Amino acid sequence: MSSEDISWTVSSDYIHHLVKSGQRQDNRKMDEYRPIKLVPGYIPNAFGSALCKIGNTQVVAGVSLVVGTPYPDSPASGVLMTGCELVPMASPEFESGPPRPPAVELARVVDRGIRESHAIEFDKLCIEPKEAVWMVMLDLHVLDYDGNLFDTATLASTCAILNTVMPKYEDGQVIREKTKEKLPVVKSPVECTFVKIGDKIMVDPSLEEDKAMDARVTFATTGGEVLCAAQKGGSGAFTRQELVDTLDMTFVKSKELRKLL
Amino acid sequence: MGGVSNVPLIKDGKRLDGRKPDELRDVRIEAGVLERADGSAYLEWGSNKVLAAVYGPQEVLPKHLSDPTKAVLTYRYNMAPFSVDDRKRPGPDRRSVEISKISAEALEKVVLLEQFPNTMIKVFVEVLQAEAGTRCAALTAASVALADAGIPMRDLVVACAAGKINDTVVLDLGKSEDNFGQADVPIAIVPHTGEIVLMQMDGDLTRDEYTQALDLAVKGSMQVYELQKDALKRRYGGVVDEQ
């Protein structure tokens, strides 16, 4: 057990103690997000991008468009591929190398939120059926990890696809010149993450709360109170009622998040 | 999930394979099927075939993963290349990494890890034939294999999915329902407490549909739980061998 682990054990004991009396270490309410900042078009070289900060957590999402062959089972549909790198500068616990399970889970949960919401009109990304379609490459770069990567990364991603412009495609070549045409995006999926600590549930976990949590749940929603993806994590459990209550809370909080887009 | 619901999957209240909306596929479980593993189980769920094996508690390798407060539980979900129609490239892909992570977390809730500090418990699940719902089948088999290995647990973990097809919430999606359905909600529970230790969802559901799906999946899980216990009783139930 490293000294890092031991200090997290101490911190977690403190968080559990605080939460028991209904408090959070930064005095937030249980249903309160930290300040959120969203910078659309943060990387001008990318076809679409955004920087999102929730508290001190920072994630940059960048979109690249490349032409590729479609999947055989959807020959006239574009493709979304989401990758995530927990870059070593973002936390002492992140290391370079191939993505580990937490990075894979993050990328897949963000991907699922966007894909299942049908935010991107994939049928409009077909260039030549069976031959060529646009592939939307969404890359997440976690720059500073201070808790709640799921919501930060999803907000950055949705913002990035919303400001993505299509490149030109002429004579079988992608011309890196931005057009006025936008990536066809018709919905704004957002994700709300809650953690359970003891028997209390709170939204937007800080780093200390992420470390102290027993269980975590993330709900992805589109407007109109529709749930499009969900994921439970952590070694603790939720009751059925807790899940239903957090979903109700999600519908309330996701409206606030969607306003930022 | 397609989001398009124009493929008819329910006719006259029956699903394509003849099941009612709240009916499970046939599930068959056998405990203790492998020689070398400390515990094992074989499970068929519809046409799914999965094998689970448990090794440990044993020495932790690599050593730096060792935890002086509890055992480390690892879980490997793996699909055989021949388990699906189009050959799956061997080795872990992102999907199986994610399933392995959340399945390990689900088992951590019930396994008494704190009784075995500085050790490792390894769970391996091989999906030999896949036909929708493999993560639930795998986790259900894994918890029987853990019990077969004699590892102390608070309860078994049992998994089952519910979903939505043709705007109807149904239990345990089959393959075409998974491909052409509108939502899938796999969950795993601790039967004695009803706590939910794994939950994923994709597709589109309203709040009411989500709660219906949760309730239906819990109901299905409880049925599979009985089969898990039966399998263990058949192996250890104190019935004297015929010979």
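Which strand of chain B is B:Pro57 found in? I looked this up before anything else, and B:Pro57 is found in strand 5 of chain B. A reminder to myself for every entry here: this is a predicted model.

**Entry: the cis peptides of chain B**

I stayed with B:Pro57 and checked the bond before it. B:Gly56 and B:Pro57 are joined by a cis peptide bond, with omega at about 0 degrees. I then found a cis bond from B:Leu61 to B:Pro62, where omega is near -10 degrees. B:Pro62 is found in the loop between strand 5 and strand 6 of chain B. I noted these bonds because most peptide bonds are trans.

**Entry: B:Ala53 in strand 5**

Strand 5 of chain B covers residues 48-59, and B:Ala53 is found there too. Is B:Ala53 buried or exposed? I get 23 C-beta neighbours inside 10 Å, so B:Ala53 counts as buried; the cut-off for that is 20 or more.

Next I asked which residues touch it. Leaving aside neighbours within four places in sequence, B:Ala53 is in contact with B:Leu34, B:Ala37, B:Ser40, B:Phe124 and B:Ala145. I also checked B:Ala41, twelve residues from B:Ala53 along the chain, and the two C-alpha atoms are separated by 6.7 Å.

**Entry: B:Tyr77 in strand 6**

I moved on to strand 6 of chain B, residues 72-79, where B:Tyr77 is found. With 27 other C-beta atoms within 10 Å, B:Tyr77 is buried. Its contacts, again without neighbours within four places in sequence, are B:Ser96, B:Ile99, B:Ser100, B:Ser103, B:Val125, B:Arg135 and B:Ala138. I followed up on B:Ala138: it lies 61 residues from B:Tyr77 in sequence, yet the C-alpha to C-alpha distance is 7.4 Å.

**Entry: helix 1 and helix 2 of chain B**

Several of those partners sent me to the helices. I began with the length of helix 1 of chain B. Its 15 residues should span 21 Å at 1.5 Å a residue, and I find its end C-alpha atoms 21 Å apart, which agrees.

How many of the 15 residues of helix 1 of chain B are buried? Eleven are, and the helix is mostly covered. The buried ones include B:Ser96, B:Ile99, B:Ser100 and B:Ser103, each of which I had already met as a contact of B:Tyr77. The charged-looking names caught my eye as well: B:Glu98, B:Glu105 and B:Glu108 are among the buried residues.

Then I paired the helices. The axes of helix 1 (residues 94-108) and helix 2 (residues 134-148) of chain B come within 11 Å and cross at roughly 40 degrees. The two helices are therefore oblique to each other, and helix 1 passes helix 2 in a right-handed crossing.

Which residues meet there? From helix 1 of chain B I list B:Ile99, B:Ser103, B:Ala106 and B:Leu107, and from helix 2 of chain B I list B:Arg135, B:Ala138, B:Leu139, B:Ala142, B:Ser143 and B:Leu146. By class, this contact has seven nonpolar, two polar and one charged residues.

**Entry: helix 2 of chain A**

Over to chain A. Helix 2 there (residues 101-116) has 16 residues, which should span 22 Å at 1.5 Å a residue; its end C-alpha atoms are 21 Å apart, which agrees. I count 14 of the 16 as buried, so the helix is largely enclosed by the rest of the structure.

Just after this helix, A:His118 takes a positive phi of about 55 degrees. A:His118 is found in the loop between helix 2 and strand 5 (126-128) of chain A. I call A:His118 partly exposed, because 18 other C-beta atoms lie within 10 Å.

**Entry: another positive phi in chain A**

A:Asn148 is not a glycine either, and its phi is positive at about 50 degrees. I flagged it because most residues other than glycine have a negative phi. A:Asn148 is found in the loop between strand 6 (132-144) and helix 3 (149-162) of chain A. With 28 C-beta neighbours inside 10 Å, A:Asn148 counts as buried.

**Entry: where the chains touch**

Last, I looked between the chains. I find 28 residues of chain A in contact with 31 residues of chain B. On the chain A side, helix 2, strand 12 (226-233) and helix 5 (240-259) each supply at least two residues. Which of the elements gives the most? Strand 12 of chain A does, with eight residues. By class, this side of chain A divides into 13 nonpolar, seven polar and eight charged residues.

Key
Residues are numbered from 1 along each chain as its sequence is written. Chains are lettered from A and ligands numbered from 1 in the order in which they are written. This is a predicted model: local features need pLDDT of at least 70, side-chain atom pairs count only at pLDDT 80 or more; totals for chains, interfaces and linings use all residues. Helices (H or I, at least four residues) and strands (E, at least two) are DSSP runs, numbered from the N terminus. The expected span of a helix is 1.5 Å times one less than its number of residues. A residue is buried if 20 or more other C-beta atoms lie within 10 Å of its own, exposed if 12 or fewer, and partly exposed in between; C-beta atoms are placed from the backbone. Axes are lines fitted to C-alpha atoms, for helices over the stretch in contact, and angles run from 0 to 180 degrees between N-to-C directions. Angles under 35 degrees count as roughly parallel, over 145 as roughly antiparallel, 65 to 115 as roughly perpendicular and the rest as oblique. A crossing is left-handed if the near helix is turned anticlockwise from the far one by less than a right angle, and right-handed if clockwise. Two residues are in contact if their C-beta atoms, placed from the backbone, lie within 7 Å. Ala, Val, Leu, Ile, Met, Phe, Trp, Tyr, Cys and Pro count as nonpolar, Asp, Glu, Lys and Arg as charged, and the others, Gly among them, as polar.
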